[in-house]
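Here's a quick look at how two parts of one protein chain sit against each other. Have the sequence and the model open as you read.

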Amino acid sequence: MADLQHIVEEIVAEMAAATERGRIADYIPDLAKVDPARFGMAVVDAEGREYVAGDHATRFSVQSIAKVFSLTMALGMVGDALWRRVGREPSGTAFNSIVQLETEHGIPRNPFINAGAIVVADVLLARHEPREAIAEFLRFVRQLVGDATIVIDHEVARGEEATGFRNVALANYMRAFGNVHQPVEKVLGTYFHQCALAMDCRQLALAGRYLMAGGVNPATGRSVVTAQRARRILALMLTCGHYDASGDFAFSVGLPGKSGVGGGILAIAPGSASIAVWSPGLDSKGNSLLGRRALERLVRHTGWSVFEAGGGPLRTGASRG
Ligand code: DON
């Protein structure tokens, strides 16, 4: 589909020229060093074709996008029992907020806010030491992508271990409610290492293929999760994947998506495409400013919004309203 390659290149050129690029996350020491001029994009379609442009081959810190993969693993381990410990509602609060935990008895609103992902990390640790849980997580992601070169950036993880006081507070607070079972240091060590997963746009888009394809990794034909579970993960991405900007992301892009403070976004057009964008500058809610704008453009050209009537086919030419 040559047209799609052209669209992706056009979007990347437009984003390269943007002057307002957002602010880099600097609360994690290593992220502050990234060049804000970077922009990458990769689209993998249902037939396995790849469309890439810009800095698509530069690895970045996926941060909270890793929460999609850790949630998938935790559901595989404990199934729906997870929902006794984590909710499925948008929080309407910042990704690192603590306020709701008091009145809601240490049960985080959803698995994509930090508190929810910390509980998920606790679940992944139930049968393991952190080193094994992290290795298993990395193995899982490498399998999704089909790429054994993917690594975790231990410097990023260490930097966050030294400065992640809010996460320490969240974990201790939930432990006090009995919703974190393992020692807090171990849970956070696991969580920080998951967030420090480094991938480029192409690898990230490949990792998301199972969500595009009803739970099956199209490269191997193997089921990663059931079709129902894939739908549910997508529902959570749509409603909670951008924290207190999730409504706005659904409004302007119309795809299930998950952002990270490294500036990446993974977005899924069910049945059509797995898409990764990366631009390190963030908006005031901690989501990639130009990443979102690029996805808006892409959806306008392709008709991939999940709200598109009869949607799906790639349409080019005149911009759609
Ligand atoms: O826990 C943190 O604060 C980071 N490791 C991840 C936060 C994040 O990516 C939020 N997303 N926009």
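How many residue pairs are in polar contact between domain 1 and domain 2? The count is nine, with both residues at pLDDT 80 or more; a polar contact here is a pair of N or O atoms within 3.5 Å, where one must be able to donate a hydrogen and the other to accept it, and residues adjacent in sequence count only if both atoms are side-chain atoms.

A word on the source: this is a predicted model, in which local features need pLDDT of at least 70, side-chain atom pairs count only at pLDDT 80 or more, and totals for chains, interfaces and linings use all residues. Residues are numbered from 1 along each chain as its sequence is written, and side-chain values use heavy atoms, leaving out hydrogens and water.

The bounds below come from an automatic or database domain assignment, and contact means heavy atoms within 4.5 Å.

| Domain | Residues in the chain | Residues in the contact |
|---|---|---|
| Domain 1 | 2-60 + 199-302 | 35 residues |
| Domain 2 | 64-197 | 38 residues |

The domain centres, taken over C-alpha atoms, lie 21 Å apart. Together the two domains bury about 2,900 Å², with 69% of that on carbon and sulfur atoms; buried area is the accessible area (1.4 Å probe) lost when the two parts are put together, summed over both.

Two salt bridges cross this interface, each needing a side-chain nitrogen of Lys or Arg within 4 Å of a carboxyl oxygen of Asp or Glu. Elsewhere in the listing, D80 and R232 pair up through their side chains in a salt bridge at 3.8 Å, N to O.
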